[in-house]
Amino acid sequence: MRTKSTVDDERLLRLIDSAEAQINAVCRPKSLYRIFDCEARGGVCVIGGFEFESERLAENLSGCKRAALIAATLGVEGDMLLRRSEPSGAELLVMQAALAAKIEEVCDSVQRLIEEREGVKTRRRYSPGYFDLDITQQKKLFKMADITKRCGITLSDSCQMIPTKSVTAFAGIEEPTEELL
């Protein structure tokens, strides 16, 4: 929301607290992850047998032999909260920001779970639609993990996810070195 790290505006703080309370009361996040073998060469990544053309994704996954596909959503309840917000002004802005923060929190927790279960470190998430990984590549991710059935996320004709507060991403997996074992 482009605010300072400390906010003194009581009205804004009330809006933030209210948005967080509403989100926590009604949203039931769903998530999944699947781990696939991967290979990054040049500007192409092969993950789980699917090819993804992206220089940036290849850089991100460089040196990784495995990658996690992550999918997460806040569900239709998040979209309903947005629709119920005032159509303009601070309430909508705060709700939008709070929902965005919540879905990132869910994704962060999935990465922590992967790290704990697998005994590895994961890299920064990389999603279709960012930089040079075309959003149409979403279709491949959905095939790889049956995301619609398992999380309830669908794709529009333009590959936008529904519910809107949903994320799909790859996270490279850094295997522990022998010195750390």
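Hi everyone, let's start with the sheet: six strands, open, in the order β3-β2-β1-β4-β8-β5, with antiparallel pairing. At the edges stand β3 and β5 (121–122), each with a single partner strand, so one side of each has no neighbour in the sheet. Pairing here means that DSSP finds at least two bridges between two strands.

A quick word on the source. This is a predicted model, where local features need pLDDT of at least 70 and side-chain atom pairs count only at pLDDT 80 or more, while totals for chains, interfaces and linings use all residues. Residues are numbered from 1 along each chain as its sequence is written, and side-chain values use heavy atoms, with hydrogens and water left out.

Now the overall picture. The protein chain has 6 helices and 8 strands; both are DSSP runs numbered from the N terminus, with helices being H or I of at least four residues and strands E of at least two. Read from the N terminus, the order is α-β-β-β-α-β-α-α-β-α-α-β-β-β. The C-alpha atoms fill a box of roughly 50 × 45 × 25 Å along the principal axes. Of the 181 residues, 40% count as buried, where buried is under 20% relative accessible area, exposed is over 50%, and partly exposed is in between, using a 1.4 Å probe and protein chains only. Among the contacts with a separation of 6 or more, 69% come from residues 24 or more positions apart; a contact is heavy atoms within 4.5 Å.

Back to the strands, please. β1 (30–41) is joined to β2 by 4 antiparallel bridges. Along that pair, C38 stands opposite I47, E39 opposite V46, and A40 opposite C45. The two strands form a hairpin with 2 residues between them, and G42 in the turn has a positive phi of about 60°.

The next hairpin follows along the chain, from β2 to β3 (residues 50–53), again with 4 bridges and antiparallel. V44 stands opposite E53 there. This hairpin also has 2 residues between its strands, with G48 taking a positive phi near 55°. On the other side of the sheet order, β1 and β4 pair in the antiparallel sense over 8 bridges, and K30 stands opposite T73.

Which residues of β2 sit on its covered face, and which on its uncovered one? C45 and I47 are on the covered face, while V44 and V46 are on the uncovered one. As a reminder, in a regular strand the side chains alternate between the two faces of the sheet.

That brings us to the packing. The largest nonpolar core has 24 residues, and I47, F52, L57, L69, I147 and F170 touch the most other members. A nonpolar core is a set of buried Ala, Val, Leu, Ile, Met, Phe, Trp, Tyr and Cys residues joined through side-chain atoms within 4.5 Å. Elements giving two or more residues to this core include β1, β2, α2 (55–61) and β4 (66–73), but the largest share, 4 residues, comes from α5. L57 touches C45, I47, F52, Y126, D132, L133 and F170, leaving out residues up to four places away in sequence. There is also a second, separate core of 18 residues, with L12, L82, M95 and A98 among them.

Finally, the pockets. A 1 Å grid is laid over the protein atoms alone; a cavity is a set of points where a 1.4 Å probe fits but cannot get out, a pocket is an open set with protein on both sides within 12 Å along at least five of seven lines, and lining residues have an atom within 4 Å of a point. Points are joined across faces, edges and corners, and the volume is the space filled by probe spheres set on them.

The largest pocket has a volume of about 520 Å³. It is lined by 21 residues, with E104, S127, Y130, S166 and V167 nearest its centre. Two elements, α4 (90–118) and β8 (166–174), give two or more residues to that lining. By class, the lining has 10 nonpolar, 7 polar and 4 charged residues; Ala, Val, Leu, Ile, Met, Phe, Trp, Tyr, Cys and Pro count as nonpolar, Asp, Glu, Lys and Arg as charged, and the others, Gly among them, as polar.

The second largest pocket holds about 190 Å³ of space. Its lining has 11 residues, of which I16, E20, A97, A98 and A101 lie nearest the centre. The elements giving two or more residues are α1 (10–26) and α4, and α4 has the largest share, with 6 residues. Thanks for listening!
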